[in-house]
Amino acid sequence: MLRAAAVAAMAAGFGSACASEESPTTDPGSTGEAPETTFAEPASKLSGELKILLWSHFVPSHDTWFDKFAQDWGNRTGVKVTVDHVDQAQIPTRIAAEVQAGEGHDLIQYIATLSQYEPSVLDMKDLVDEASSRWGEQLSLCAKSSSNPTTGKFYAYSPGWVPDPGNFRKSLWEPAGFADGPTTWDDLLTGATEIKSKDGIQLGLGMSQEIDSNMVLRALMWSYGASEQDENEKVILDSPETVAAVEFMTKLYKQAMTPEVFSWNAASNNQGLVAGKLSYVVNSISAWRTAQESNPDVADDVHFVPALRGPKAALAAQHVLYNWIVPQHATAPDAAKEFLLHYTANFASATYHSKLYDFCAWDKLTPDRDAWLNDDPFGAKPADKLAFLSDAIPWSANIGHPGPASTAIGEVFNTFVIPNMFARAVRGEASPQESVTEAAGQVNAIFDKWRAQGLVGG
């Protein structure tokens, strides 16, 4: 428990960095109909209380739906359901405190992998097996972000995720020769350089200790064929491919960015895009949904592209990866698992009420998703602006790709080794090779620590 708490304290720093991501404050309305809720009797009779802790969603209409949804399920099953929403930045420290105290919530949701809590949570393999028996194979992206192949344990249940596309201002990119936005990292360099030179508007890719920097810099690495580990959890960060990615970012920064990207938090790129001060960011659709209300002209000007292609691949990290855990101290584990099955069966409602933000790990459970993406119920202009997300799975990867999101990967992520590696070189504090070598040493030490405890392979 102490080990999990220590890692949680470290993770709290990551959480606080992305606490204030922009989100719509009012409901722009819908032109479609929400899915109806289905209900199946639990496998056994339930009673008592189920205490749930989860984040305050970036799209508030989701929480309005979820609270009633959970209460309705409790009323039908005889379970008293309590739902607590908190800023997601607070969740890691809340988990740590509850694990140490041996009491608290029965069911906790977070928006990134919770592999660091494996020693202190129940194995969810039985739940994943039941879900897969009902709805088919779980999306690999979610399975790799909630299970440990070394121990065979599902430390979390992952029923959903969120893509991380490029967001670009069409009015800026069309005169630069990219009416449909960039498709490669070289396009990004060419177009962003011209836009900054002619219009004085910079590119919005962070290199700071926050979640979006963690995501986009991994996407760049993967596009060059670089990664922290291989599929067998062997550290391979110190490679010519990683150095090449760092060299490219150094050039991109000098030609198209300003020093503020070194001190950004997770709200910075959202706010800059909505304010019309950035030409391109990598993010979910939440900033654009915000702009629909706060700055409609900008919203109409914002368009999207999938992962940019580099010399080796075109991949982006998932923007949000849902992990639900049941701590060992939970007093209602059966109710928790039955509720998660009910929630998963109704994931179409989660997708709809999050305004197409949440995607399901079992595609068949959201049969209308592609129709919604092709004709946005919430006022996209044009209505098919989100249609490209129908094919988001092939260009989306889990943190730790091509391996799993292990305890070691969780620590590397939450201590911002990768953003720090890029920032050192870009600021000229070290050469690209020197910075990569230093980062690789840090990653190896982290892996060695967790491998000695039997929680990492390789």
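**Note on the predicted model: salt bridges, a mixed sheet and aromatic contacts**

1. In this predicted model, the side chains of Arg 424 and Glu 438 form a salt bridge, with an N to O distance of 3.4 Å. Arg 424 belongs to helix α17 (residues 417-426) and Glu 438 to helix α18 (residues 432-452), so the contact ties together parts that lie 14 residues apart in sequence. Arg 424 is buried, at 12% relative accessibility, whereas Glu 438 is partly exposed, with a relative accessible area of 40%. Elsewhere, salt bridges with shared partners join Asp 363, Arg 369 and Asp 370 into one network.

2. As to confidence, the protein chain has a mean pLDDT of 92, and 93% of its residues reach 70 or more. Residues 1-28 require caution: pLDDT stays under 50 over this stretch, although the model has 77 contacts for it beyond four places in sequence. Where pLDDT is low, predicted coordinates should not be read in detail.

3. The structure holds 14 salt bridges in total. Side chains of opposite charge can pair when their charged atoms come close. One of these bridges joins Asp 129 and Lys 125, at 2.8 Å from N to O. The two residues are four apart in helix α4 (residues 125-135), which means that about one helical turn separates them. Asp 129 is partly exposed, with a relative accessible area of 39%; Lys 125 is also partly exposed, at 34%.

4. Helix α4 takes part in a further contact, in which Lys 337 pairs with Asp 126. This salt bridge has an N to O distance of 3.0 Å. Because Lys 337 lies in helix α13 (residues 333-345) and Asp 126 in helix α4, the pair ties together parts that are 211 residues apart in sequence. Why does Lys 337 count as buried? Its relative accessible area is 14%, and the cut-off for a buried residue is under 20%. Asp 126, at 45% relative accessibility, counts as partly exposed.

5. The model contains an open sheet of four strands in the order β8-β9-β7-β10, and its pairing is mixed. Strands β8 (202-204) and β10 (302-305) are the edges, each pairing on one side only. On average, and with direction ignored, neighbouring strands of the sheet are turned by 20 degrees against each other. Strands of a sheet pair through backbone hydrogen bonds, either parallel or antiparallel. Edge strand β8 runs parallel to β9 (residues 278-282), and two bridges join them. In one of the bridge partnerships, Gln 202 is matched with Leu 278 of β9.

6. There are 26 aromatic pairs in the structure. Among them, Trp 161 and Phe 359 meet edge-to-face, with 5.8 Å from centre to centre and 85 degrees between the planes. The pair links distant parts of the chain, since Trp 161 is in strand β6 (residues 160-162) and Phe 359 in strand β14 (residues 359-360), 198 residues apart. Both partners are buried: the relative accessible area is 1% for Trp 161 and 0% for Phe 359.

7. A separate point concerns aromatic clustering. Which residues form one aromatic cluster? The members are Trp 65, Phe 66, Phe 69, Trp 73, Trp 324, Phe 339, Tyr 343 and Phe 347. Helix α13, which carries Lys 337, spans residues 333-345, and this range takes in two of the cluster members, Phe 339 and Tyr 343.

Key:
Residues are numbered from 1 along each chain as its sequence is written. This is a predicted model: local features need pLDDT of at least 70, side-chain atom pairs count only at pLDDT 80 or more; totals for chains, interfaces and linings use all residues. Side-chain values use heavy atoms; hydrogens and water are left out. pLDDT is the predictor's confidence in each residue, from 0 to 100. Contact means heavy atoms within 4.5 Å. A salt bridge is a side-chain nitrogen of Lys or Arg within 4 Å of a carboxyl oxygen of Asp or Glu. Buried means under 20% relative accessible area, exposed over 50%, partly exposed in between (1.4 Å probe, protein chains only). Two strands pair if DSSP finds at least two bridges between them. Axes are lines fitted to C-alpha atoms, for helices over the stretch in contact, and angles run from 0 to 180 degrees between N-to-C directions. Rings of Phe, Tyr and Trp (its six-membered ring) pair if their centres lie within 6.5 Å; planes under 30 degrees apart count as stacked, over 60 as edge-to-face and the rest as tilted.
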